[in-house]
Amino acid sequence: MDKILIIGGVAAGATAAAKARRISPDAQITMLEAGPDISFANCGLPYYIAGDIKNRSSLILQSPESFKEQYDVDVHTHTLVTAIDKEARMVETVDSRDGSKNSYGYTKLILAQGGRPVQPDLPGADTDHVFSLWTLEDMDKIDNHLNNKDPKTAVVVGGGFIGLEMVEALVKRGLKVHVVEKMPHVMSIMEAETAGFITRELLEYGVDVHTETAVTKINTNTVELDNGKVIDADMVLLSIGVRPTLQLAKDAGLAIGEAGGLLVNDKLETSDPDIYAAGDMVEIEHRVNGKKVRIPLAGPANRQGRIAAENALGGKHSYKGSIGTSVVRVFDAVAGTTGLSLKQALAAGIDADAVVVHKEHHTSYYPGAETVSVMLVFDKKTGIILGGQTAGYKGADKRLDVIATATAAKLPVSEIADMDFAYSPPIGTANDVMNMAAYTAENKISGYSTSIPVSNLDAYLESKQQVIVLDVRDVFAFQKSSLKGAHHLPIEMLSKHLDQIPKDIPIIVYDETGKKGHQALRTLVGAGCKEVVNISGGHISLQRHAITVGFKNFHVELLPVEKKSTAERAIEQEETNKNISANEMERLVIDVRTPGEFMGGAFPNAVNIPLDDIMANKADIGNNTDREIIVYCASGARSAYAQQVLMQRGFTNVKNGGGIAAMMSKY
């Protein structure tokens, strides 16, 4: 009879036990867990503390009793394995409650011990107001402290996934929160501009972010940093990483790999053919560059547990490795990464490049459209997608999954360019942001439109003796924030001023998202300019990079941080000018954009009457049909329609001012 013994009862271990039973109805399956709980939703712990998950019981997926009843698996909790006898195929255990000892035999052993949070050697780290979060017991301690001690301030040490999820949880519990990160920015596995999206969200919710600094001492009510700052802290959460649980494997003489995890082959066998391993304790192959890595994520752990169980019972299932797809939600902001980032790809010696596109997640005319950002990393020679990152309030996860699929399948950008994605106005756009990112990558590979990611701007500027920087956005966007020293020339005015632009000096062009920057680049190249580069992602990417690590060779004025709150806010109805008595006005200028667009900047003394109100005849603009009326919008399209409607109503002197940039230049 097969005797499957599993050490570890959470993600990989519990999955392995269930899979083993589905394969073999006759095998004797035993699971040993050092802690008090098995198969609990450890990824959900921060959300219980935040109050998003109301019932603690929701996090308990299985119990020893339910596992026995459902799968006929014998589960022993509080059971610490102290030694593995490979020759006898036995393990020795001790019960952490009463010290009793026992031994268990096996034909095949599956190690799924996972990892443990790194505990730094810091003065004060062992006091009762300092916590880590890994188990239900950890969660209960934090929740009890919040309920019973009523802390007002907290410091979260570590700006990774768990750290930032706990930042949100503590803010929702009413605390003033600081996050301390030793790396240049939070979410260090992401590019600076992707992390910048999350950083701004943290700041908007009142979180203080301290980067490139470390905690040196934890006091009763404060934390000291190595830059000399002292921060108020009624409680501290340590979240600086996870270390694999390897002592048992080392004592048994099992091989440890180059990345510091337990070494396994593609069948998840260790150096002993009777012992398999899965989850956070193992190192695996990265599917993009083939290097050995540790990827402590729940998804890979569960899949590895299934495969280990299958192979322990005679299967030949090969684990293909992982691409490290991971995503985080901080308040309302979502950001994720998959495969290799640009800096990882370059560090691996790959001739890689990247493009960034910002586009609405569904059609702009359907209510609720939000910008979603996509960074696509690719091999410049083959066009094969190496990975990417996404960010947004809606739709970021969907696009991340597309990049993950393309990365795992080693698809070139041309395949994504031609791919059909689900489209309906409330769901997507006819050309999805993924299509647009692929088009942009194709244009860059072919040389049709040269762009540069913001992370490479400093190096580019250092390589040039002189450059011209053109900002082709509208005047209001330029006034709010721009690159210091940039020349402002709205895209609508560019063709009229081409003769004033030197053709032999390198030109950097940018707009808000990169789209109009591409248009400006093609205009400049067509006019004979020899070297033109478009900033990939435009001003949005510049802002995100600047708020995290900044630039060495130029300055970007940061936009003001909007203040947000976790408390429910009343929805404010935007009022429009519906009853305007303007008979005395000699010339009436009407902005037919939406109130939101109008609030972003408008022509002096213009009246905001949205096109819909003009069409519905909801605004009184007087009876003087001969008076000069100028209508304008963002591009000239809606204002052309407004001009037709007003002229059909008998107004004889209606002019279309076009887009806002044209309007500002004409009048």
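The exercises below, each with a worked solution, concern a predicted model.

**Exercise 1.** Work out which strands of the open sheet that contains β18, β20 and β21 stand at its edges.

*Solution.* Begin with the order of the 3 strands, which is β18-β20-β21, with mixed pairing. Next, count partners: β18 (262-263) and β21 (292-293) each have a single partner strand, so one side of each is left without a neighbour in the sheet, and these two stand at the edges. Finally, look at one pairing in detail: β18 and β20 (residues 282-285) run parallel and are joined by 2 bridges, and Leu262 stands opposite Val282 in β20.

**Exercise 2.** Check whether the span of helix α10 agrees with its number of residues.

*Solution.* Helix α10 covers residues 396-408, which is 13 residues. The expected span is 1.5 Å times one less than the number of residues, which gives 18 Å for α10, and because its end C-alpha atoms are 18 Å apart, the two values agree. Just after the helix, Lys410 takes a positive phi of about 55°.

**Exercise 3.** Classify the ring pair formed by Phe197 and Tyr393, and decide for each residue whether it is buried or partly exposed.

*Solution.* A pair of aromatic rings is described by the distance of the centres and the angle of the planes. For Phe197 and Tyr393 the centres are 5.2 Å apart and the planes stand at 65°; planes over 60 degrees apart count as edge-to-face, so this pair is edge-to-face. The pair links distant parts of the chain, since Phe197 lies in helix α6 and Tyr393 in the loop between β26 and α10, 196 residues apart. With buried meaning under 20% relative accessible area, Phe197 at 7% is buried, whereas Tyr393 at 29% is partly exposed.

Definitions and conventions: Residues numbered from 1 in each chain as written. Predicted model: local features only at pLDDT ≥ 70, side-chain atom pairs only at ≥ 80, totals over all residues. Heavy atoms only, no water. Pairing = 2+ DSSP bridges. Helix = DSSP H or I, 4+ residues; strand = E, 2+ residues; numbered from the N terminus. Phe/Tyr/Trp six-rings, centres within 6.5 Å; stacked < 30°, edge-to-face > 60°. Buried < 20%, exposed > 50% of the residue type's maximum accessible area, 1.4 Å probe, protein only.
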